[in-house]
Amino acid sequence: MPVRKTVMCLLAGALVVCATSVSIRAQSSSTLSAPAAPGDQSVSGYNQPPKNILDVMLAPSPPEPVASPTEDTILLAFVQDYPSIARVATPFLRLAGVRVEPRNHSKHDTPGGYGITPCIRSFDLVHVRGHAQIHVALPAGACPSTPLRWSADGKQFAFVNIATDSVELWIGDAWTGKARQVTGVRLNPMFDDVLQWMPDQKTLLVKLVPEGMGAPPPEPVAPIGPSIQETGGQKGQSSTYETRDTLGNKHDEDVFDYFARSQLALVNAADGAITPLGKPANYESLAPAPDGQRILVTTIHRPYSYVTTYDRFPKEVEVWDVSESSNIRVQSIASLPLADRVPINGVPLGPRDFSWSAAEPATLTWAEALDGGDWNVQVPSRDKIMLQKAPFSSPAVEVARTEQRYGGLDWIEGSSTALLTEYDLNRHWMRTFLLDVDHPGQKSRLIWDLSMDERYKNPGDPVHRRLANGERVVRVDGDSIYLSGSGSSPDGDRPFLDRLNLTTLKSERLFRSDKTCYERFLSFTGPDTRTFVTWHQSPSDPPNAFARTIGQSVQAPAGEASFASTSVAITHIPDPTPEVRAIKKRLVKYKRADGLDLSFTLYTPPGYQEGTRVPAILYAYPLDYADPSTAGQVTGSEETFTQLRNYRLLLLAGYAIIDNAAFPIVGDPKKAYDTYLEQLVADAKAAVDEAVRLGVADPDRIGVTGHSHGALMTVNLVAHSDLFRAGVATSGSYNKTLTPFGFQNERRSVWEAPDVYMKVSPFFSADKLKTPILLMHGAEDANPGTITLQSVKLYEAIRGNGGTARLVLLPHEPHLYTALESNEQEVYEMLRWFDKYVKNAPPRTGAAGR
């Protein structure tokens, strides 16, 4: 489900925008403003919600914890929640799926283009033993961001800093907290993998902006010719989500080459000495081998495509022997052609998903499709797994085949075995095997076999550790591995830590979060696995790190921990918003009309008196399921620390929130959207009826809101049901014929299922849409499935048919709104709309009443 900010974005290499620049083909400031409602005086400039809401909105969020590889230090990253609109408005270029700020070569957006990652406003280091907390001092105005890379020995951490005219490399000392800039380094983060530690943990492999590049190619004053594409009769579907910010002409290609071009280099972390490697080129991905002498290098080259993003461009995959930096030896592994005709939800032909074996000094593995990359094709095996050892002069050998699509190898510490995962999108199913690559003829042992949607029986994820050379492996303890999971149950999530014996496949539960809190495993504290660090929170206690020690075994019911444990707080982060503790929440379970189990979290406003009916807002995001038995499983927890963002801030205005209501769309994944609309209304009716039955929601004063796919849900519900008095839809897609090659998990094209595309599109029901609807959208939405035009055209359709609507376009914002001013405006607009059409709406009469 899309969220305003996630740890995944923070730690996945996203870079922060914080510089202003002048650019060729720069995006100019939007001149669009919200249409004025009768009597509305705020037709220009940004608006703010009331002070009590604004105070909570501006309170800092708790930090994100990042444990060191040696597990003796935790880095707390305090993320800036909202950058200024001035920074979000920084000019950028659209370059085949990447948005680049030309002045400093920084990435403007997060992976996938969903948002603009804010700066990390500060770092703190916490030593697990002794609990000392050290602030990392940075200069005023610094904008540190990800990627943040710990050295495997836990002594140092490297990170980027987004400066006005460059992306800088900084290194911090884990013991003293002192951080310093490495002078002379200008990073090029366009394709990620911009910095990583080499296996010696003394050197960083980086991508630099090449010296002497000169100015970027100037945009022609007059066009040099038309933009031309041609197809020769082959079928060439491109998924909707592979068409983001594509190139459009020869000048775009030249600009792409200019900004993609990098110089590889090794940087000595001690003295900052820079050693260039090879010549500048469009280097996409880099991966040092465990031996530290070789690097897997993937380079992008022409011919480019105007219908897909850079990840489908032609590539050369090579292994560089850098043992002598002045005499690099290059071994070609694969030449991959342009892949702009990949089936929807399919994979390209040829080698893909390259990785090094953690068990060998320099052994590559990869997968190759046996079904043409097309899930529609019925074959005994979809993929084969190949292995090739240094010096890569002998042919690769096949070590295994997967019945379904290859999902990756997770190497087990100290062995030639790995956890091999395969997945089947046709069934929403996945299996994990124990594969020994040293014995390719030996049948792999099945470890897990379950639905991808299964929550209650989900075994969790393997716990990893870093070897001395930086390789990430599954941690072992004799014949056992450790698993950490969310622990979903009918009573909500209760995270756990298990130990699984790979010989007997029997597991024992070492820890499970108490029912009165939400406490998840973070890391062990070193070699002794009896002590580990957790991240603990409750509705009244902000997230903090705790050291937990396992004690004696105890008799425990099924699913509970088989060992007693004690804990002590490591950090003491205070509550930033004590006034929010007056808000109460509870998990509510109920059934859909067809008997399907559903749930939501019900929030009640401060001072709420039981039995009092108040106006309510329902928020949901529909999800697709293949099996009703998993569709009804409860996820989430009522024991998390309550934080208010976005629509939840309206609790402070007296609304109840029916939050994260389960909205499953159940059916064959190949055609689940055949009954989308009917199930959507059934999901909504069940949630509304239960909130009313509990005596909390006033049935005559309920609104609905959703973002992205949830916005599509919102407009469909106000168009096809009488459950809601008003709706607020943000960054949605309302005419699915504009995404003809699939949306969400719908894989059929509009020509294969025209009735489905029309039926799920509320644009074609605009003449029936009389319930007031507020449409909001980022003016620079990078998601191809939710282009800004979707909201503009729906507003025009509603207006033309006599409906009640308001359109608010937020300048410079992508799919997820980032700027402080934009978020203030969003909350202001929501409150204004719901107050007018829900809280203060006159009672419905006659046929309009429920």
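Which loop holds Pro303? Keep that residue in mind; the tour returns to Pro303 after a look at the whole chain and its core.

This is a predicted model, in which local features need pLDDT of at least 70 and side-chain atom pairs count only at pLDDT 80 or more, while totals for chains, interfaces and linings use all residues. Residues are numbered from 1 along each chain as its sequence is written, and side-chain values use heavy atoms, with hydrogens and water left out.

**Whole chain**

Start with the C-alpha trace, which spans about 85 × 80 × 60 Å along its principal axes. The radius of gyration (taken over C-alpha atoms) is 27 Å, which agrees with the value near 29 Å for a compact globule of 850 residues; the globule rule is 2.2 Å times the number of residues to the power 0.38.

Colour by secondary structure to show 10 helices and 48 strands. Helices (H or I, at least four residues) and strands (E, at least two) are DSSP runs, numbered from the N terminus.

Next, turn on the surface. The accessible area of the chain is about 33,500 Å², and carbon and sulfur atoms hold 51% of that area; the Shrake-Rupley method with a 1.4 Å probe gives these areas, and for residues only the protein chains shown count as cover. Of the 850 residues, 59% count as buried. Buried means under 20% relative accessible area, exposed over 50%, and partly exposed in between (1.4 Å probe, protein chains only).

For contacts (heavy atoms within 4.5 Å), take the pairs at least 6 apart in sequence: 62% of them join residues at least 24 apart.

Select the charged residues: the mean positions of the 84 positive and 96 negative charges are 3 Å apart. Lys and Arg count as positive and Asp and Glu as negative, with His and the chain ends not counted; each charge is placed at NZ of Lys, CZ of Arg, CG of Asp or CD of Glu.

**The largest nonpolar core**

In soluble globular proteins, nonpolar side chains tend to be buried together. A nonpolar core here is a set of buried Ala, Val, Leu, Ile, Met, Phe, Trp, Tyr and Cys residues joined through side-chain atoms within 4.5 Å.

Select Phe600, Leu618, Ala661, Phe663, Phe724 and Leu775, which touch the most other members of the largest core, a set of 62 residues. Helix α6 (residues 676-693) supplies the largest share of this core, nine residues. A second, separate core has 33 residues, among them Leu54, Leu644, Leu774 and Met830.

Centre on Phe663. Beyond its neighbours within four places in sequence, Phe663 is in contact with Leu618, Ala620, Pro622, Leu623, Leu680, Asp683, Ala684, Met713 and Leu717.

Move to Ala684, in helix α6. Ala684 counts as buried because its relative accessibility is 0%. Past four places in sequence, the contacts of Ala684 are Phe663, Leu717, Leu723 and Phe724. For a distance check, draw a line from Ala684 to Ser765: the two are 81 residues apart in sequence and 19 Å apart, C-alpha to C-alpha.

Then select Ala661, in strand β43 (residues 656-661). With a relative accessible area of 4%, Ala661 is buried. Not counting residues up to four places away in sequence, Ala661 touches Tyr590, Ser599, Phe600, Leu618, Tyr619, Ala620 and Ala687. From Ala661 to Ala620 the C-alpha distance is 5.1 Å, across 41 residues of sequence.

**Strand β18 and the cis prolines**

Now go to Pro303, which lies in the loop between β17 (294-300) and β18. Arg302 and Pro303 are joined by a cis peptide bond with omega about 5 degrees.

Follow strand β18 (residues 315-321) to Asp321, which counts as buried at 11% relative accessibility. Leaving aside neighbours within four places in sequence, Asp321 is in contact with Gln293, Arg294, Asn327, Ile328 and Arg329. The C-alpha atoms of Asp321 and Gln331, 10 residues apart along the chain, are separated by 8.2 Å.

Another cis peptide bond joins Ala390 and Pro391, with omega about 10 degrees. Pro391 sits in the loop between β22 (383-389) and β23 (397-402).

**Positive phi**

Finish with two backbone angles. Asn345, in the loop between β19 (329-336) and β20 (352-356), has a positive phi near 65 degrees without being glycine. Asn345 is partly exposed at 35% relative accessibility.

Asp353 is in strand β20. Its phi is also positive, about 55 degrees, although Asp353 is not a glycine. Asp353 is partly exposed, with a relative accessible area of 43%.
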